[in-house]
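Visitor: Please take me through one part of this model in close detail. I would like to look at the enclosed empty space inside the protein.

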Amino acid sequence: MNFNTLDFLLFFPAITALYWLLPFRFRWALLLAGSYFFYLHWNLQAGCLLLGTTLVSWLAARGIGRARDRRTRRAWLALALAVSLGCLALFKYGRFLAESLGMLAKGLGGTDVWTAPDLLLPVGISFYTFQTLSYVLDVYRGDIQPEGHLGYFALFISFFPQLVAGPIERPENLLPQLKREQHLRSGDLLAGLWLMAVGYFKKVAVADALAPVVDAVYGSPATASGPAVALATLCFALQIYGDFSGYSDIARGAARMMGIRLMENFRRPYAAGTIRDFWRRWHISLTSWFTDYLYKPLGGSRRGLARQCAVTLLVFLTSGLWHGANWTFLLWGGLHGIYQVAGILCRRAGRLPVLPENRWTVLVRRGRTFLLVTFAWIFFRAESVEAAGMLLSRLCSGWTGEGWQSALTQTGLHAAAARIALSLLCLSLLERTGEGYRPGQSLRRDIAFALALFCTVTAIAAAWLAALSANGENAFLYFQF
């Protein structure tokens, strides 16, 4: 079930109302049933996979908790890792591996005998797999105790607001909240409503408005000019932020209206002054997951410069592969890994210039970081390595007045630029309006908040109706991961 469908607009108010009306002891069952209904709306087989992964992880963690020797604990851990990662590898990377091995066999003069499995990718498998892994690994390391109640654990894995596209929650944050009785508070309802409104605005008024611009160029890279590639890539940088952070805001808002606080997943990432700072602000739940379960266990910065650089590059290559079974994602992750390694080496060598801290140097650092991040998005968005190469080659051509005119026509920006610019301006104001807001602190602030909320909902409704009348709703980009 998509957040931007009429089905969800009926489902969410109903389950929220029932949640607050039911006694506390029945709420977990309601949320668990609602979460599986939400997920089964896509595919029954995907729901069975989610249930099977949940059961194995719960049993493995219980086995780890009862085991008295390291060998038994490792056996239970191996079982959980094999099932979770095995399912992820089969459904997400099976075709990619088969096709890659087939290409390698042909390149070596052999025959392509590898048959790519035709399997449907379950929605959100990368997200809930990492959530189950964090739980089992935390139990194995002794950071938490295994959860004895299967219902609460199943709810932790399948909690519908963040099930499909995150944030990737940790057991120590979400599980206690699910087990604790929540009380209806107007502050939570208002904060949740605001987060959902901003999230929907990001999705339907910003991301969906930018999608046709991006698709027009990335769908036919051979006909694009340099300005068209640059404009489409800039629009994609804004589109993916609006789309993904919009989903996270809706998820956090939906949970907040039930008194549950999910972790912040985005923190104005394009205001980052360095690539390292960017990854502290972008997809925070995934970055922290890789830091805690891959970077630090492999040594991180504790075992010398060479190990730190190698592990950093490995983490970002793995992050690229996590995003999708395509060489373009590996190139995207590798490029960010190179950015990070270059930063580490420059800091160690003392070669980074120390500029005076003022408004202009901050803008320069942010602009430099934004350009590096945006350039890397070319590989993320391109449909293949060949398409990425073609886009890069086209980037160097057509920088004339006629080329700019052609680019504006191809992307449709000649007609949509003003509307998109207004949406981006409104988004900037909305993000600032909600920062630190508390109802009742000031009448002026309350009136401004209410007016902003009204205008946001009106804009969402108008953009939504326009999208439905044109071609229906657009799925969130990160559903494919």
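Guide: Here is a close look at the largest cavity, with its setting in the fold and one spot on the surface. The model is predicted.

Start with the setting. The protein has 481 residues, and 50% of them count as buried. Its secondary structure consists of 19 helices and zero strands. Among contacts with a separation of 6 or more, 75% join residues 24 or more positions apart.

Now the empty space. Rolling a probe the size of a water molecule over the atoms shows where such space is left. Searching the whole structure turns up two cavities of 30 Å³ or more. The largest has a volume of about 70 Å³.

Its lining mixes several residue types. Tyr-19, Phe-24, Trp-28, Leu-31, Leu-155, Leu-178 and Ile-260 are part of it, and so are Arg-27, Arg-180, Gln-177 and Gln-182. Two elements each give two or more residues to this lining: α2 (24–40) and α8 (171–179). Helix α2 supplies the largest share, four residues.

Finally, go to the outside. The protein exposes about 22,400 Å², and carbon and sulfur atoms supply 65% of that area. One nonpolar surface patch covers about 210 Å² and is made by Leu-51, Leu-55 and Leu-150. Of these, Leu-55 lies in helix α3, which spans residues 44–66. Leu-55 counts as partly exposed because its relative accessible area is 34%, between the 20% limit for buried and the 50% limit for exposed. That value also passes the patch cut-off of over 30%.

Notes: Residues are numbered from 1 along each chain as its sequence is written. This is a predicted model: local features need pLDDT of at least 70, side-chain atom pairs count only at pLDDT 80 or more; totals for chains, interfaces and linings use all residues. Side-chain values use heavy atoms; hydrogens and water are left out. Patches are made of residues with over 30% relative accessible area and no salt bridge: like charges are joined within 9 Å, nonpolar side chains (Val, Leu, Ile, Met, Phe, Trp, Tyr) within 5 Å. Accessible areas come from the Shrake-Rupley method with a 1.4 Å probe; for residues, only the protein chains shown count as cover. A salt bridge is a side-chain nitrogen of Lys or Arg within 4 Å of a carboxyl oxygen of Asp or Glu. Buried means under 20% relative accessible area, exposed over 50%, partly exposed in between (1.4 Å probe, protein chains only). Contact means heavy atoms within 4.5 Å. On a 1 Å grid over the protein atoms alone, a cavity is a set of points where a 1.4 Å probe fits but cannot get out, and a pocket is an open set with protein on both sides within 12 Å along at least five of seven lines; lining residues have an atom within 4 Å of a point. Grid points are joined across faces, edges and corners, and a volume is the space filled by probe spheres set on the points.
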